[in-house]
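These are my notebook entries on a structure that I had not looked at before. I began with how open single residues are, and went on from there to pairs, a metal site and the interior.

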Amino acid sequence: MISLKTPAEVEQIRAGGKIVAEILRGLADLIRPGVTTAELDRWAEKLIVSKKALPAFKGYRGFPATLCTSLNEAVVHGIPGSRVLKNGDILSVDVGVKLGDWYSDAAWTYPVGDVDAESRRLMQVTQESLELGIQAALPGQRLSDIGHAVQKHVERAGFSVVRDFVGHGLGRQLHEDPQIPNFGAPGQGVRLKAGMVLAIEPMVNVGGYEVRVLEDQWTVVTQDGKRSAHFEHTVALLNGQVEVLTR
Ligand code: MG
């Protein structure tokens, strides 16, 4: 069942979304060669706590950290640690915040120093596909129009869309209905309605779409070892428009 949020509830998610946006902005300055992902995690947790909010991922099904930090061939759910970022890496960071009773969730992929042209194109195409997915999330459209818009853009660029992980509704729970695949034919699924709050999150691979989970039980990597990018926003469907709450 998809829960619809009132304007007052969307306002509360908007407040949490601002914290998420502040973290993603701040990380752009902090991410550089020589930094460890654990340092980034500590910084983000401090900022979240200073806003009287909670890190949404920490403790979620046993996840041990505030951020998911997924490097190069890692797609999602990487665990921060002592790994030192080096020039040419790309790092995907996913962050969720709980403010009051409400969750918000977003992700961004950052270059570390100077990265190669293919990685730059991967990040650009993935970010563009998120924007196209958001533009497709209009009240009156169908759910699968979102994933269709993402997939069309990604595959036209010669990249592939991850199938095993999807976007989701959110609100009082971090993951609510509906699931939002980043692929599929248009015009399928539920009709989108004002009051829906959705996390749209394309995960895009340079090579094949197949992924596997590492021995740490969390980190998802590409099967072929090629790079992956991940961009995500929490959006609210309002009357006749879609608002990004984590911009
Ligand atoms: Mg999410």
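**Entry 1: a cut-off, then a pair in α1.** Before reading any accessibility I noted the cut-offs: a residue is buried under 20% relative accessible area, exposed over 50%, and partly exposed in between. I also noted that this is a predicted model. I looked up Glu-11, and because its relative accessibility is 41%, it counts as partly exposed. The side chain of Glu-11 meets that of Arg-14 in a salt bridge, 2.3 Å from N to O. Both residues belong to helix α1, residues 7-30, where they are three residues apart, about one turn of the helix.

**Entry 2: other salt bridges.** How many salt bridges does the structure hold? I found 11 of them. In one, the side chains of Lys-58 and Glu-45 meet at 2.9 Å, N to O. This pair links distant parts of the chain, 13 residues apart, since Lys-58 sits in the loop between β1 (54-55) and β2 (67-71) and Glu-45 in helix α2 (residues 37-50). Lys-58, at 39% relative accessibility, is partly exposed, and Glu-45, with a relative accessible area of 22%, is partly exposed too.

I then turned to Arg-163 and Glu-155, whose side chains form a salt bridge at 3.9 Å, N to O. Arg-163 has a relative accessible area of 24% and is partly exposed, while Glu-155 counts as partly exposed at 38%. Elsewhere, Glu-9, Asp-101 and Arg-172 are joined into one network by salt bridges that share partners.

**Entry 3: the magnesium ion.** Which residues are the protein donors of the magnesium ion? I listed Asp-105 (OD), His-168 (NE2), Glu-201 (OE) and Glu-232 (OE), which lie 2.2 to 2.4 Å from the ion. Along the sequence their spacing reads D-x62-H-x32-E-x30-E. His-168 is in strand β7 (residues 167-169) and Glu-201 is in the loop between β9 and β10 (203-205), so this pair ties together parts that are 33 residues apart in sequence. I also checked whether these two are open to the outside, and found that His-168 and Glu-201 are both buried.

**Entry 4: helix α4.** I checked the length of α4 against expectation: at 1.5 Å a residue its 13 residues should span 18 Å, and the end C-alpha atoms are 18 Å apart, so the two agree. Its buried residues include Ser-144, Asp-145, Ile-146, Gly-147 and Val-150. Among the parts that cover the buried residues of α4 are α3, β6 (160-161), β8 (176-180), β9 and β10. Just after the helix, Gly-158 takes a positive phi of about 90 degrees.

**Entry 5: the nonpolar cores.** The largest nonpolar core has 27 residues, and Ile-146, Leu-192, Leu-198, Ile-200, Val-235 and Leu-237 have the most contacts inside it. I noted which elements give two or more residues to this core: α3 (117-135), α4 (144-156), β9 (197-200), β14 (233-238) and β15 (241-244). The largest share, five residues, comes from α3. I followed Ile-146 further and, leaving aside neighbours within four places in sequence, listed its contacts as Gly-133, Ala-136, Ala-137, Ile-180, Leu-192, Leu-198 and Ile-200. Apart from this core lies another, of 23 residues, among them Ile-19, Leu-40, Ile-48 and Val-95.

Conventions. Residues are numbered from 1 along each chain as its sequence is written. This is a predicted model: local features need pLDDT of at least 70, side-chain atom pairs count only at pLDDT 80 or more; totals for chains, interfaces and linings use all residues. Side-chain values use heavy atoms; hydrogens and water are left out. A nonpolar core is a set of buried Ala, Val, Leu, Ile, Met, Phe, Trp, Tyr and Cys residues joined through side-chain atoms within 4.5 Å. Buried means under 20% relative accessible area, exposed over 50%, partly exposed in between (1.4 Å probe, protein chains only). Helices (H or I, at least four residues) and strands (E, at least two) are DSSP runs, numbered from the N terminus. Contact means heavy atoms within 4.5 Å. Donors are N, O and S atoms within 2.8 Å of the metal (3.2 Å for Na, K and Ca); water is not among the atoms, so sites may look incomplete. The expected span of a helix is 1.5 Å times one less than its number of residues. A salt bridge is a side-chain nitrogen of Lys or Arg within 4 Å of a carboxyl oxygen of Asp or Glu.
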